[in-house]
Each structure stands twice: as structure tokens, then as C-alpha cells.
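Welcome, and thanks for taking a look at this chain. Please open the sequence and the model side by side, and we will walk through them together.

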Amino acid sequence: MEIVDLSQPVHGGMQVYPGDPPVSIHPAAQLAADGVNVLSIHAGSHTGTHVDAPFHVLADGARLDELDLALFHGPAVVADVRGRPARAPIDWAELEPCAAALRPGAVLVLHTGWSEHFGTSRYLEHPWLTAAAARRIVASGVRSVAIDALSPDPTPADGEEPGSLPAHQILLGAGGVIMENLTNVSALERLADPVLSFFPLALADADGAPVRAVAMAGR
Ligand SMILES: [Zn+2]
């Protein structure tokens with residue numbers, strides 16, 4: 001079996017969603033002085049490649065530890081929506097080519113190509129999923145949606161008021177999960193029938209958590 005990493009490396013000062021806690025990682029113990037190496041980690045629950053639980057945007061939504069782990073594992077259905085201009089909407093028409101593959105248990109991957117801008121201000125200007133497309137995804141039975149960008153909703157520019165989050169509301173409102181900040185999605189092209197796994201940290205009562213996202217396929 002081949003396993004391909006689809007996760008952003010987590011390091012101090014890495015790009016996070018505007019307003020989220022900065023990532024700070026430093027040694028808490030060091031081998032020479034303390035006999036062991038131990039890191040101290042300060043970070044938000046939506047750091048790096050991570051999943052959103054329904055509780056992220058819904059007061060009565062399920063928290064991470066209340067979700068079926070099957071939501072974090074399944075055959076990948078990749079929608080190639082690369083080549084879009086900044087802040088372009090992704091509508092159902094663009095997902096139609098993979099519509100027949102959408103079914104319960106599948107993981108829909110929105111391949112925007114935007115991960116190449118990670119770490120720059122351009123990364124905030126990613127394409128986003130329309131509410132109508134999010135409703136069609138939910139109607140197909142899919143409950144796991146991944147994107148190689150900050151969010152399936154438009155991200156406000158620095159200093160701009162945060163808007164509503166319709167794609168989050170619809171996907172999470174259906175009891176689904178959203179995985180954000182995926183990277184290396186192009187690697188899926190050379191894998192036959194890849195299966196995605198992106199199990200979150202077992203963080204109690206959480207609205208989301210970092211994941212190690214991988215694609216697995218037989219050689
Ligand atoms: Zn998130």
C-alpha cells in the first residue's frame with residue numbers, strides 16, 4: 001500500500017485563519033538539560049490541516065467526540081476546480097462531472113489548487129462553495145467535504161467584517177464534517193481508487209481539531 005501525506009506541516013508562526021490564535025511551539029524540556037525533549041504547543045483548534053465539527057458554527061451541533069469516526073475515512077471523489085480566479089464561486093455545474101460518484105461514505109475533495117498560495121495573503125482569496133452546491137452535496141448523501149484552502153466559505157480580507165458561513169451551515173448542519181487546509185492534492189491523480197483518512201485528535205468537547213490527512217491506495 002502507498003500512503004501519501006496531504007497535511008500542512010504544523011510550525012510556529014504558520015498561517016492561520018484571520019483572528020485565530022497564532023501557533024507557538026517551543027521546547028519545554030531539552031535533552032541536554034532535562035534528559036528528554038518535550039515541546040510546548042499553543043495553537044487554535046483549527047490549526048493547519050484540520051476538521052470542523054458541527055459545533056463550530058451550530059450551538060446544538062455535535063462536538064468532535066460525538067461524531068462517528070467513519071466520517072473521517074472513505075473513498076476520495078476529487079472535483080477538479082483548479083484554475084479559478086481569486087474569490088471565484090464553485091457552483092454545482094463545476095461539480096457535475098463527479099456527481100455520479102457522490103454517495104454516502106465518500107469524501108468529496110474540492111481541488112482548488114489554492115494550497116500553492118499557503119503562507120501568503122493570496123491564500124485568503126480562495127474560491128468558495130455556493131450554498132446551492134452545498135445543498136446538492138448534502139442531497140447526494142456525502143457528509144465529508146475537504147478543500148485545499150482555508151474554508152469552503154469566502155474568507156474576509158484583513159480588517160473586513162466576517163460574513164455568514166452558508167456552506168459551513170449547510171454541510172455541518174447536515175451532521176457532516178469539513179476538512180480544511182489540505183495540501184498535495186495533485187498526488188491523488190496517480191493513485192488508483194485512493195481512500196482518505198483524516199482522523200482528528202481526540203480533543204474533548206471540541207469544535208474541531210488538527211488531523212493527519214493521508215490518501216491510501218494499493219500499489
Ligand atoms: Zn475550520
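Is proline 166 buried, partly exposed or exposed? Before the answer, please keep in mind that this is a predicted model. Proline 166 has a relative accessible area of 31%. Buried would call for under 20% and exposed for over 50%, so proline 166 counts as partly exposed.

**Around proline 166**

This proline belongs to helix H4. Leaving aside residues up to four places away in sequence, proline 166 touches Ala131 and Asp153. Alanine 100 lies 66 residues from proline 166 along the chain, and their C-alpha atoms are separated by 24 Å.

**The sheet**

Let us turn to the strands. Nine of them, listed in the order E1-E13-E11-E5-E7-E9-E10-E4-E12, make an open sheet of 9 strands with mixed pairing. Strand E1 (2-5) and strand E12 (208-210) stand at the edges; each has a single partner strand, so one side of each is left without a neighbour in the sheet. From one strand to the next, the twist averages 30°. Helix H4 (residues 166-173) packs on this sheet, where it touches strand E4 (50-52), strand E9 (144-147) and strand E10 (177-180). The direction of H4 makes about 130° with that of E10.

Two of the strand pairings are set out here, both of them antiparallel.

| Strand pair | Sense | Bridges |
|---|---|---|
| E5 (residues 73-80) and E11 (residues 195-197) | antiparallel | 3 bridges |
| E1 and E13 (residues 214-217) | antiparallel | 4 bridges |

Within the E5 pairing, proline 75 has valine 195 of E11 as its bridge partner. At the edge strand E1, glutamate 2 stands opposite alanine 217 in E13. The side chains along E1 alternate: Glu2 and Val4 point to one face and are buried, whereas Ile3 and Asp5 point to the other face and are not buried. Glutamate 2 thus appears twice here, with a strand partner in alanine 217 and with a buried side chain.

**The largest pocket**

Finally, where is the open space? The largest pocket holds about 270 Å³. It is lined by 18 residues, and those closest to its centre are Tyr17, Asp20, His46, His56 and Leu165. By residue type, the lining divides into 7 nonpolar, 8 polar and 3 charged residues.

Notes
Residues are numbered from 1 along each chain as its sequence is written. This is a predicted model: local features need pLDDT of at least 70, side-chain atom pairs count only at pLDDT 80 or more; totals for chains, interfaces and linings use all residues. Side-chain values use heavy atoms; hydrogens and water are left out. Two strands pair if DSSP finds at least two bridges between them. Axes are lines fitted to C-alpha atoms, for helices over the stretch in contact, and angles run from 0 to 180 degrees between N-to-C directions. Contact means heavy atoms within 4.5 Å. On a 1 Å grid over the protein atoms alone, a cavity is a set of points where a 1.4 Å probe fits but cannot get out, and a pocket is an open set with protein on both sides within 12 Å along at least five of seven lines; lining residues have an atom within 4 Å of a point. Grid points are joined across faces, edges and corners, and a volume is the space filled by probe spheres set on the points. Ala, Val, Leu, Ile, Met, Phe, Trp, Tyr, Cys and Pro count as nonpolar, Asp, Glu, Lys and Arg as charged, and the others, Gly among them, as polar. Buried means under 20% relative accessible area, exposed over 50%, partly exposed in between (1.4 Å probe, protein chains only).
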